[in-house]
Each structure stands twice: as C-alpha cells, then as structure tokens.
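Biologist: I'd like to learn how to read a structure like this one. Could you walk me through it, feature by feature?

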Amino acid sequence: MLRVIPINFRYGILIAVGISMVVMPMIKKKIVDHDERNYQIDLQSKAFAFNILEMVFGLLLLSFSIMHVTFIALVLTLTAYLIIKIVNLLAFSYYHKNN
C-alpha cells in the first residue's frame with residue numbers, strides 16, 4: 001500500500017499511525033468514578049484540545065502556503081479544517097436549540 005503514496009508522505013503516515021497506537025489506549029481508558037466532576041474535567045480537556053487544534057490547523061495552513069507545498073496537500077488540510085469548523089458550528093447550533 002505504501003508504494004502508491006509518495007515518499008514524502010510515507011514517513012508522516014507511519015509516524016501518525018505509531019502515535020495513534022500509543023495514544024489511543026490512554027484515551028480509551030475508562031473513568032473509574034462516574035461522577036459529575038470527572039465529566040466536567042473531560043469536557044474541559046476536550047474543549048482545550050479543540051482550541052489548540054484550531055490554532056495548529058491555522059498555522060499549518062499558513063506554513064503550507066508559505067512553503068509552496070503541493071496543491072493537493074494544501075486542499076486536503078483546508079478541507080479537514082473546514083470540516084472541523086462546520087461540525088463545531090452544527091453542534092453548537094444543535095445543543096443551543098435543545099438545551
């Protein structure tokens with residue numbers, strides 16, 4: 001499968017898969033106490049991670065455009081950023097109406 005992917009992206013894919021194999025078991029760990037405090041901490045940590053994700057994607061798009069990266073990489077990154085923003089707006093609208 002990696003023969004189809006350009007050489008520049010192979011190492012990035014392998015690093016991302018390796019990191020996800022390490023991080024996913026930590027994320028999937030069950031919370032022992034099912035109290036409200038743990039849920040609030042979980043929500044706050046996800047909100048903080050989302051804010052960091054927005055900044056990283058913005059900086060990544062800016063750096064890609066400055067470095068003159070291939071058009072397809074720029075479009076894929078921009079598409080991922082827009083999907084995240086659209087999901088954020090739709091979820092905000094949904095929860096605002098239902099709560």
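Biologist: Let's start with pockets. How many nonpolar, polar and charged residues does the lining of the largest pocket have, by class?

Modeller: One caution before we start: this is a predicted model. As for the idea behind pockets, rolling a probe the size of a water molecule over the atoms shows where empty space is left. In this case, the lining of the largest pocket has three nonpolar, two polar and one charged residues. You can pick them out as Leu43, Gln44, Lys46, Ala47, Phe50 and Asn51. The space in there comes to about 260 Å³.

Biologist: And what lines the second largest pocket?

Modeller: Look for Phe9, Phe64, Met67, Val69, Ile72, Ala73, Leu76 and Thr77. By class, that lining splits into seven nonpolar, one polar and no charged residues. Its volume is about 150 Å³.

Biologist: Which helix gives the most to that lining?

Modeller: That's α3, with four residues. Both α2 (36-67) and α3 (71-98) supply at least two residues each to the lining of the second largest pocket.

Biologist: Let me step back to the overall fold. How many helices and strands does the protein chain have?

Modeller: Three helices and zero strands. Reading along the sequence, you get the pattern α-α-α.

Biologist: Now salt bridges. How many turn up in the whole structure, and where should I look?

Modeller: The general idea first: side chains of opposite charge can pair when their charged atoms come close. Here, a search of the whole structure finds one salt bridge. The partners are lysine 85 and glutamate 54, whose side chains meet at 2.7 Å, N to O. Lysine 85 sits in helix α3 and glutamate 54 in helix α2, so the pair ties together parts that are 31 residues apart in sequence.

Biologist: Is lysine 85 buried, partly exposed or exposed, and why?

Modeller: Lysine 85 counts as partly exposed because its relative accessibility is 27%, and that class runs between the cut-offs of 20% and 50%.

Biologist: What share of the whole chain is buried, then?

Modeller: Buried residues make up 8% of the 99 residues. The accessible surface of the protein chain comes to about 8,800 Å², and 73% of that belongs to carbon and sulfur atoms.

Biologist: Which residues form a nonpolar patch on the surface?

Modeller: Tyr11, Leu14, Ile15, Ile19, Val22 and Val23 do, with about 600 Å² of accessible area together. To get your bearings, find isoleucine 19, which lies in helix α1 (residues 7-27).

Biologist: One last thing, backbone angles. Which residue has a positive phi although it is not a glycine?

Modeller: Histidine 68, with a phi of about 60°. You'll find histidine 68 in the loop between α2 and α3.

Biologist: Is histidine 68 buried or exposed?

Modeller: Exposed, because its relative accessible area is 70% and the cut-off for that class is over 50%.

Terms used
Residues numbered from 1 in each chain as written. Predicted model: local features only at pLDDT ≥ 70, side-chain atom pairs only at ≥ 80, totals over all residues. Heavy atoms only, no water. 1 Å grid on protein atoms, 1.4 Å probe; cavity = no way out; pocket = protein on both sides within 12 Å on 5 of 7 lines; lining within 4 Å. Points joined across faces, edges and corners; volume = space filled by probe spheres on them. Nonpolar A, V, L, I, M, F, W, Y, C, P; charged D, E, K, R; others polar. Patch = residues over 30% accessible without salt bridge, like charges linked within 9 Å, V, L, I, M, F, W, Y side chains within 5 Å. Areas by Shrake-Rupley, 256 points an atom, 1.4 Å probe, with all protein chains shown as cover. Salt bridge = Lys/Arg side-chain N within 4 Å of Asp/Glu carboxyl O. Buried < 20%, exposed > 50% of the residue type's maximum accessible area, 1.4 Å probe, protein only.
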